[in-house]
Amino acid sequence: APLLARQDGAFADLLREFGARRNSPERNRHFQSVLEALAAAWQATYPGLIPEALLAQMALARQVPRWRAMLSEGTDGAHHVTELAGRIGGFVSTGAPRDDTLGGLGARGEIRALYVHPDCVRQGLGRQLLHPAAAGLAARGMAPFGLWVIAGNDRAAAFIAAWAAAP
């Protein structure tokens, strides 16, 4: 069964340390594997849905400095990862809405990112990530929450609709 590292666990510490450049080689490899899942998910999901120039920016080599810069500024969110067969299978990040659109719709929180490595899809990892993310948002007074799905990403839209409809 996949293992979850919740906000108060190793992944949140890893994010802080990575942003502050206080990370060990082991933590750096762990964070690199999170970014590998992100980059692989983008490369598998978004061709034809977003401009090629934007897709090229999501290459792994470009993500490490981008995330390091973002994290050095701090984050107000919570982060969860899931592992499958000893590797990062996916991650989710949550927090306050980043723009007025979701807030204008009544959302008090946001699923900011939800990515599952393409080799790990359809194994229940997305649900295992969303459950603690939703519970964490509710516990922090950020429910209801919203999320964005890129137009044309029918698989993600169907997954979210099924998850939201489940008891």
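**Exercise 1. The fold as a whole**

How many helices and how many strands does the secondary structure of the chain come to?

*Solution.* The model is a predicted one, and the assignment in it gives seven helices and five strands. As a next step, read these elements along the sequence, and the pattern that emerges is β-α-α-α-α-β-β-α-β-α-β-α. Then turn to burial: of the 167 residues in the chain, 40% are buried. Finally, consider the contacts with a separation of 6 or more, of which 64% are between residues 24 or more positions apart.

**Exercise 2. Two helices that meet**

Determine how the axes of H6 and H7 cross, and list the residues that make the contact.

*Solution.* Begin by locating the two elements, with helix H6 spanning residues 125-139 and helix H7 spanning residues 154-165. Their axes come within 11 Å and cross at roughly 55 degrees. An angle under 35 degrees would count as roughly parallel and one from 65 to 115 as roughly perpendicular, and the crossing of H6 and H7 is therefore classed as oblique. The handedness of this crossing is right-handed. On the H6 side, the contact is made by Gly126, Arg127, Leu130, His131 and Ala134, while H7 contributes Phe159, Ile160, Ala162 and Trp163. Sorted by class, the residues in this contact are six nonpolar, two polar and one charged.

**Exercise 3. The setting of His117**

Decide whether His117 is buried or exposed, and describe what surrounds this residue.

*Solution.* First place the residue: His117 sits in the loop that runs between strand E4 (109-116) and H6. The relative accessibility of His117 is 10%, and because buried means under 20%, this residue counts as buried. Next look for a polar partner close in sequence, and a polar atom of the His117 side chain is found 3.0 Å from the backbone nitrogen of Asp119. When neighbours within four places in sequence are left aside, His117 is in contact with Glu36, Ala37 and Ala40, and also with Arg87, Ile88, Gly89 and Gly90.

**Exercise 4. A loop residue for comparison**

Where is Ala151 found, and how far apart in space are Ala151 and Ile50, C-alpha to C-alpha?

*Solution.* Ala151 belongs to the loop between strand E5 (145-147) and H7. Its relative accessible area is 67%, and since exposed means over 50%, Ala151 is exposed. For the last step, take Ala151 together with Ile50: the two residues are 101 residues apart in sequence, and their C-alpha atoms are 9.2 Å apart in space.

Note on methods
Residues are numbered from 1 along each chain as its sequence is written. This is a predicted model: local features need pLDDT of at least 70, side-chain atom pairs count only at pLDDT 80 or more; totals for chains, interfaces and linings use all residues. Side-chain values use heavy atoms; hydrogens and water are left out. Axes are lines fitted to C-alpha atoms, for helices over the stretch in contact, and angles run from 0 to 180 degrees between N-to-C directions. Helices (H or I, at least four residues) and strands (E, at least two) are DSSP runs, numbered from the N terminus. Angles under 35 degrees count as roughly parallel, over 145 as roughly antiparallel, 65 to 115 as roughly perpendicular and the rest as oblique. A crossing is left-handed if the near helix is turned anticlockwise from the far one by less than a right angle, and right-handed if clockwise. Contact means heavy atoms within 4.5 Å. Ala, Val, Leu, Ile, Met, Phe, Trp, Tyr, Cys and Pro count as nonpolar, Asp, Glu, Lys and Arg as charged, and the others, Gly among them, as polar. Buried means under 20% relative accessible area, exposed over 50%, partly exposed in between (1.4 Å probe, protein chains only). A polar contact is a pair of N or O atoms within 3.5 Å; within protein, one must be able to donate a hydrogen and the other to accept it, and residues adjacent in sequence count only if both atoms are side-chain atoms.
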